[in-house]
Amino acid sequence: MAVSRRGVDVAELVRRATDAEPRAVARLISLVENDSPVLREVAAALAPYGGHAQVVGLTGSPGVGKSTSTSAIVTALRAAGKRVGVLAVDPSSPFSGGALLGDRVRMQDHATDPDVFIRSMASRGQLGGLSAAVPQALRVLDAAHCDVVLVETVGVGQAEVEIASLADTTLLVVAPGFGDGIQAAKAGIIEIADVFVVNKADRDGADQVARDLRYMQSLGGRHSTAGAWRPPIVKTVAARGEGVDELLAALEKHRAWMDEHGELARRRAARAAAEIEAIAVGTVKQRFAQVHGSTALSAAAGRVVAGETDPYTAADELVESL
């Protein structure tokens, strides 16, 4: 067996992960999260196993019941015989860098199910409600033959909409009593939804939340063009499992619509392009980190101060030198 110079047998780990061995899956995701030196080797080994899992994102403000909704969806998917992966992103402390990772506590009902893999991930300062490691973690769960992967974001605001570029279908979870008018007015977050979920629908104000969402849809946006998908509004009481079957039906309907209109292939191509671009930009940033404080930068600065060149020309020369 070929063991890397870092002491990790990547090929064996991937083989075990494709047999859905939880320890191998967990180890691979840890390598991804920690930006391991063997990350490129891991990505190459995972490449042939992608494209199977349906990726469903859940986002919304803190407290609306995203984790409870995720758990209820997992229960329904398992009843349908699906293997399920969950990536739950929790915010990192700006001081210690740690995270509570409380989703494992909230999803204890599935902890002993061998066909459910739950991984809590720290955002580690990443903006957009996700962790930078999520795209590769998705590939690991895909290789482990998960039929559906649920990605639950950090509680998000108006601009934190990165999940829309990552998921095949994005669920926006809202609830009465959480500043409903403000929620509905957040055009950025409203625009990303493929399905609206009004959770805690047994509370007063749930009907008003649904009306607000319908009103926001009537104002236009990407869903208002001819032939576009119009996001349904599904009411749930996730804590009791009510409305979850209707939610799964909405997911299936959206998947069928995407297949029919070529949208699924378009989204996945855009996702791959964004991932490639992020990796390329990260590589360039690492190379430019070598410029800071370097002799070449000091010399270029001296020429600019002396009037021998301008900063744009000096910058171009530095870029070419890299």
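Hi everyone. One term before we start: two strands pair if DSSP finds at least two bridges between them. Keep that in mind, and keep in mind too that this is a predicted model.

Let's begin with strand 6, residues 195-198. Who are its neighbours? On one side of the story we have strand 5, residues 169-174, which pairs with strand 6 in the parallel sense over 4 bridges. If you'd like a spot to click on, V174 stands opposite V198 in strand 6. Then there is strand 7, residues 233-235, also parallel to strand 6, over 3 bridges. Here the residue to pick is F196, whose bridge partner in strand 7 is I233.

Now, are the faces of strand 6 covered or open? In a regular strand the side chains alternate between the two faces of the sheet. In strand 6, V195 and V197 sit on one side, F196 and V198 on the other, and all of them are buried, so both faces are covered.

How does the chain get from strand 6 to strand 7? Together with helix 9, residues 206-218, the two strands make a right-handed β-α-β unit.

On to helix 10, residues 244-261. Its 18 residues reach 26 Å from first C-alpha to last, close to the 26 Å expected at 1.5 Å a residue. Its buried residues include V244, L247, L248, H254, R255 and W257. And what covers the buried residues? Our strands 5, 6 and 7 are among the elements that do, along with strand 1 (54-59), helix 4 (66-79) and helix 11 (263-289).

One last stop: just after helix 10, G262 takes a positive phi of about 75°. Thanks, everyone!

Notes
Residues are numbered from 1 along each chain as its sequence is written. This is a predicted model: local features need pLDDT of at least 70, side-chain atom pairs count only at pLDDT 80 or more; totals for chains, interfaces and linings use all residues. Side-chain values use heavy atoms; hydrogens and water are left out. Buried means under 20% relative accessible area, exposed over 50%, partly exposed in between (1.4 Å probe, protein chains only). A crossover is right-handed if, with the strands pointing away from the viewer, the path from the first strand over the helix to the second runs clockwise. The expected span of a helix is 1.5 Å times one less than its number of residues. Contact means heavy atoms within 4.5 Å.
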